[in-house]
Amino acid sequence: MHLKPIASTFLSKIAVAVLGLALVVFVSRTFGSIGRGQISLLLSSVALLQMIMEFGSNSSVINLSYTHQPKMLLKSACLFILAVGVLALPIIGFFDLPFKWTIAPLAILFALVNLLQMLLMGQQQLSYRNWSLLVSPTLILIGLLVSVYAFGPDLNLYPFCLAGSLLISAVLAFRGLNRSVFKFTSEPFVFQRIILKQGAWVQGAQFIQFLNYRINFFLIALWLNNADLGVYNNVIVLCEAVWILGHSIGQIQHMKIRNSLSTKDDIQMTKRFIGLNLIGSSAMALTLCLLPSDFWTSLFSQDFLAIAQLLPHCVLGIMVFSVSNIINHYLHAKDQFSTIFWINVLGLCFGVVAAIFAIPHYGLIGACWSWGIGLSASMLGYVVYFLKHTKNA
């Protein structure tokens with residue numbers, strides 16, 4: 001069952017989640033639900049731009065690093081990231097967004113860190129990659145604690161603390177790479193267009209999946225208010241914490257499939273991992289739902305009283321994604337990027353239609369259900385495709 005590498009990755013992600021939760025708690029208690037909502041909008045805007053940058057630095061880099069020079073991949077991806085960042089700067093200026101002039105620099109740093117971590121995965125340096133995940137949340141938490149102690153609760157300090165933590169994280173991730181593949185050669189630089197070719201499907205699918213996760217953030221900001229957005233963001237952070245198990249399993253699954261010679265074994269492993277993820281996710285989701293509202297208000301503040309009420313309405317989304325996540329990793333390892341794209345489009349269409357009806361009528365409860373409906377449609381697409389195309393293997 002490959003439990004040792006799964007456990008190692010899972011524990012590192014748990015550590016990241018604990019640090020992330022500590023950061024959410026600190027921000028929520030220090031700046032309240034309105035401040036939390038502003039930060040949510042900033043991070044969602046950064047993530048949206050980062051998704052565009054990663055059309056040229058996407059997760060196909062992991063697969064390509066087995067067959068192409070990592071040095072060329074790194075240079076090509078960095079060039080694309082910088083180009084998108086520069087072009088985005090004047091466009092961002094037209095929008096009324098919090099901390100808008102920090103969005104492009106932060107997106108560049110996020111994309112760079114993610115790129116370096118993917119190269120570490122491609123080199124199978126899992127321990128270095130796991131350690132690198134811990135750096136940024138640790139440093140931003142320390143930075144915020146120090147800055148708030150020194151200057152008071154000034155929300156303007158948040159982007160600077162985040163930028164500093166990402167920069168250090170990028171340096172440490174680069175140092176963890178196998179440097180022999182980056183040694184100086186006289187070979188001229190050639191832009192690796194295959195990143196863009198595969199990225200059209202890979203990152204297209206990721207972009208659609210991002211919208212499945214995050215489009216409600218923008219709709220809540222439009223139709224409700226920043227305080228509601230802050231509460232909803234914390235709820236989704238807790239739901240995504242449950243998915244840590246599936247992401248940990250999926251990363252090991254992906255690596256094993258890329259180095260496997262047996263399709264039958266890959267399918268059997270995927271089925272076992274779906275069951276393992278369902279059991280673990282069910283236990284974690286049930287634990288979240290059983291926690292009383294007093295627990296969440298003591299953790300985050302009275303502004304977040306609605307969390308206990310909203311979590312049970314997110315169980316559908318949590319559970320269906322625990323299935324589709326494992327199948328997604330199987331298809332990714334098999335280079336079936338166009339399939340992932342269209343299945344995610346299916347989920348997005350259902351999610352948006354549900355959100356347009358549910359959020360104006362039912363508020364945050366409607367947002368939770370529309371989120372789950374979109375993920376359910378994707379899950380059904382993944383299951384049908386997986387069963388149809390593996391039944392004779």
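# A tour of side-chain pairs in a predicted model

Begin by selecting Phe295, Trp296, Phe300 and Phe304, which together form one aromatic cluster. Keep in mind throughout that what is on the screen is a predicted model.

**The aromatic pairs**

The cluster is a good introduction to the ring pairs, of which the count for this model comes to nine. Select next tryptophan 243 and tryptophan 371, whose ring centres are 5.6 Å apart and whose planes meet at 20°, so the pair is stacked. Tryptophan 243 is found in the loop between α8 and α9, while tryptophan 371 belongs to helix α14, so this pair ties together parts of the chain that are 128 residues apart in sequence. Both of these tryptophans, 243 and 371, are buried.

Now return to the cluster and look at phenylalanine 295 with tryptophan 296: the centres of their rings are 4.9 Å apart and their planes stand at 80°, so this pair is edge-to-face. How accessible are the two partners? Phenylalanine 295 counts as partly exposed, at 35% relative accessibility, whereas tryptophan 296, with a relative accessible area of 2%, is buried.

**The salt bridges**

The next stops are charged pairs, and a search of the whole structure finds three salt bridges. Select arginine 214 and glutamate 240, the side chains of which meet in a salt bridge with an N to O distance of 3.1 Å. This pair links distant parts of the chain, since arginine 214 sits in helix α7 (residues 193-223) and glutamate 240 in helix α8 (residues 226-242), the two residues being 26 residues apart. Arginine 214 is buried, its relative accessible area being 17%, and glutamate 240 is partly exposed, with a value of 22%.

Move on to aspartate 335 and arginine 258, whose side chains meet in a salt bridge of 3.3 Å, again given from N to O. Aspartate 335 is in the loop between α13 (315-333) and α14 (337-390), and arginine 258 is in helix α9 (residues 244-258), so the contact ties together parts that are 77 residues apart in sequence. Aspartate 335 is partly exposed, with a relative accessible area of 38%, and arginine 258 also counts as partly exposed, at 26% relative accessibility.

Then select lysine 334, which forms a salt bridge with aspartate 266, the closest N and O atoms being 2.9 Å apart. Lysine 334 lies in the loop between α13 and α14, and aspartate 266 lies in helix α10 (residues 263-290), so here the parts tied together are 68 residues apart in sequence. Is each partner buried or partly exposed? Lysine 334 is partly exposed, with a relative accessible area of 26%, but aspartate 266 counts as buried, at 3% relative accessibility.

**A buried serine**

For the last stop, select serine 76, whose place is in helix α3 (residues 70-92). Why does serine 76 count as buried? Its relative accessible area is 1%, and a residue is called buried because that area is under 20%. To see what surrounds serine 76, leave aside its neighbours within four places in sequence and display the residues with which it is in contact, namely Phe189, Val190, Phe191, Gln192 and Ile195.

Terms used. Residues numbered from 1 in each chain as written. Predicted model: local features only at pLDDT ≥ 70, side-chain atom pairs only at ≥ 80, totals over all residues. Heavy atoms only, no water. Helix = DSSP H or I, 4+ residues; strand = E, 2+ residues; numbered from the N terminus. Buried < 20%, exposed > 50% of the residue type's maximum accessible area, 1.4 Å probe, protein only. Contact = heavy atoms within 4.5 Å. Salt bridge = Lys/Arg side-chain N within 4 Å of Asp/Glu carboxyl O. Phe/Tyr/Trp six-rings, centres within 6.5 Å; stacked < 30°, edge-to-face > 60°.
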